[in-house]
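Work through the exercises below with the coordinates open. Each task is followed by a solution in steps.

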Amino acid sequence: MTNFNNYVIMLYVNYYIREGKFLRIMFTREDTKAVKGLAVLMMLFHHLAAFPERMPPEFEGFQSLWPDFTEKRYLIILGTSCRLCVAIFYFVGGYGMYKRWSKNKYHLVTSIAALYKSYWKVFAVFVPIAFIFFQRKGEGFLPNYQRYAVTDTKELISMILANFLGLTDSINSEWWFLAAYLCVMPMGLLFCIVTKKNKSFTVDMFWVLIIDILVRNVFSDIPNIEAFSNLGGNFFYSHFLNMAGTSPFFAGIVFAKHDKLELCKKYLMRYRISSLIGLSGCLGVLYVRSFILGEYIEIIHAAAFTVFASVLLDSIRPAKKLMCFFGRYSTEMWLIHSFFCFHFCEMAKLVYITRSVWVDFLILTGLTIGSALLLEQLYKLLSKLQPYIQKILLRPVPEE
């Protein structure tokens, strides 16, 4: 009888595993991808709505059926609060780093190379397009439209080379995240190694808090000291030590180390109204960040939003699949979208073609994901042509 009961239980367990029920109380790669998909959409909305000074001069501003939404700047507040996406990207990046490192699958050089590879794929297509087709100059054009009007050959070569290496973001100002992320990766790895033997979540989070205080309140003032006045020009200092937003990366490492995301999800998913809890939690985090605490405790905001968003998306499977789709292309969408809403004059006019922020958001999202998909197909085609290109460019290897 006992064997029969065990057999029934195993059938029951296997059924639930096949149906994905048990995955609802875990934080899997699919969850990470879904949260990244939501974060990249937040990034698009942030850049679309929170920068009136970058909108086309002829654009008269957004309108809404609820007048206060635009007239009392609630739209701009919402767009600004969506900047939380940066902390979320850091958080899930640190989370993923630790999960791979703990299984001896993380290699720093390989990870850096993969990030550069994604960056260069976009760079190789969009930078030539920018300088060939979108050189604009004159009083009628915003400064963000004029950055490709470079006539001096030496200046152009230096500009392209520096941006190619990620040393500057003069071609696209939203590419600042590349250099910052490249700097935080080795520091995150060092943090994993140094805190390896510690078993206390509280102690690990204390060190994250110390890092946050140092980066946000101490390191930023060092160049004001005369003896260190030249430090502001140092690449590593400006992209890590002086970047207040990097601390969520270390918080992600700690949450991964102690399985806190899984524990939080498991607790919230016990409730029948978990979807409502997830939605309320996401909105609550954005409200607290916008009106109460600001962005000074991003290590908490990012962790809380990630948990609530994951619980919400687990409750709405079609939405989770859609976010996973965007998450798969989140790097490309980050690198591409600002060309359309900020830097390509005619494309910006297309993005801001209506006065509805939701319609224009769909336009920007469509242009961005469409470009990412086309870019993927382009490189698939080039990979098929690679043997023929090699025959043309390379001499045949002599037989021994």
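## Exercises on salt bridges and helix packing

Arginine 289 and glutamate 298 are both buried. The model is a predicted one.

**Exercise 1.** State what joins the side chains of arginine 289 and glutamate 298, and give the N to O distance.

Solution.
- Step 1. The distance from N to O is 2.9 Å.
- Step 2. A salt bridge requires a side-chain nitrogen of Lys or Arg within 4 Å of a carboxyl oxygen of Asp or Glu, and the side chains of arginine 289 and glutamate 298 do meet in a salt bridge.
- Step 3. The structure holds 19 salt bridges.

**Exercise 2.** Which parts of the chain does the pair of glutamate 262 and lysine 99 tie together?

Solution.
- Step 1. Glutamate 262 and lysine 99 form a salt bridge through their side chains, at 3.7 Å from N to O.
- Step 2. Glutamate 262 belongs to helix α12 (residues 260-268) and lysine 99 to helix α5 (residues 84-102), so the salt bridge ties together parts 163 residues apart in sequence.
- Step 3. Glutamate 262 has a relative accessible area of 16% and is buried, because buried means under 20%.
- Step 4. Lysine 99, at 24%, is partly exposed.

**Exercise 3.** Place the pair of lysine 320 and aspartate 314 in its network of salt bridges.

Solution.
- Step 1. The side chains of lysine 320 and aspartate 314 meet in a salt bridge with an N to O distance of 2.4 Å.
- Step 2. Both lysine 320 and aspartate 314 are buried.
- Step 3. Salt bridges link Lys320 and Asp314 in a network with Glu30, Asp31, Lys265 and Arg317.

**Exercise 4.** Classify the packing of helix α2 and helix α4 from the angle between them.

Solution.
- Step 1. Helix α2 (residues 29-49) packs with helix α4 (residues 74-81) at an angle of about 140°, and their axes are 7 Å apart.
- Step 2. The two helices, α2 and α4, are therefore oblique to each other.
- Step 3. Their crossing is left-handed.
- Step 4. Phe45, His46 and Ala49 of α2 make the contact with Leu75, Ile76, Leu78, Gly79 and Thr80 of α4.
- Step 5. Sorted by class, the contact of α2 with α4 has five nonpolar, three polar and no charged residues.

**Exercise 5.** Do the same for helix α6 and helix α16.

Solution.
- Step 1. Helix α6 (residues 108-133) and helix α16 (residues 330-343) pack at about 15°, with axes 9 Å apart.
- Step 2. Angles under 35 degrees count as roughly parallel, so α6 is roughly parallel to α16.
- Step 3. The crossing of α6 and α16 is right-handed.
- Step 4. The contact residues include Val122 and Phe126 of α6 and Leu335 and Phe339 of α16.
- Step 5. In the contact of α6 with α16, eight residues are nonpolar, two are polar and none is charged.

Conventions. Residues are numbered from 1 along each chain as its sequence is written. This is a predicted model: local features need pLDDT of at least 70, side-chain atom pairs count only at pLDDT 80 or more; totals for chains, interfaces and linings use all residues. Side-chain values use heavy atoms; hydrogens and water are left out. Helices (H or I, at least four residues) and strands (E, at least two) are DSSP runs, numbered from the N terminus. Buried means under 20% relative accessible area, exposed over 50%, partly exposed in between (1.4 Å probe, protein chains only). Axes are lines fitted to C-alpha atoms, for helices over the stretch in contact, and angles run from 0 to 180 degrees between N-to-C directions. Angles under 35 degrees count as roughly parallel, over 145 as roughly antiparallel, 65 to 115 as roughly perpendicular and the rest as oblique. A crossing is left-handed if the near helix is turned anticlockwise from the far one by less than a right angle, and right-handed if clockwise. Contact means heavy atoms within 4.5 Å. Ala, Val, Leu, Ile, Met, Phe, Trp, Tyr, Cys and Pro count as nonpolar, Asp, Glu, Lys and Arg as charged, and the others, Gly among them, as polar.
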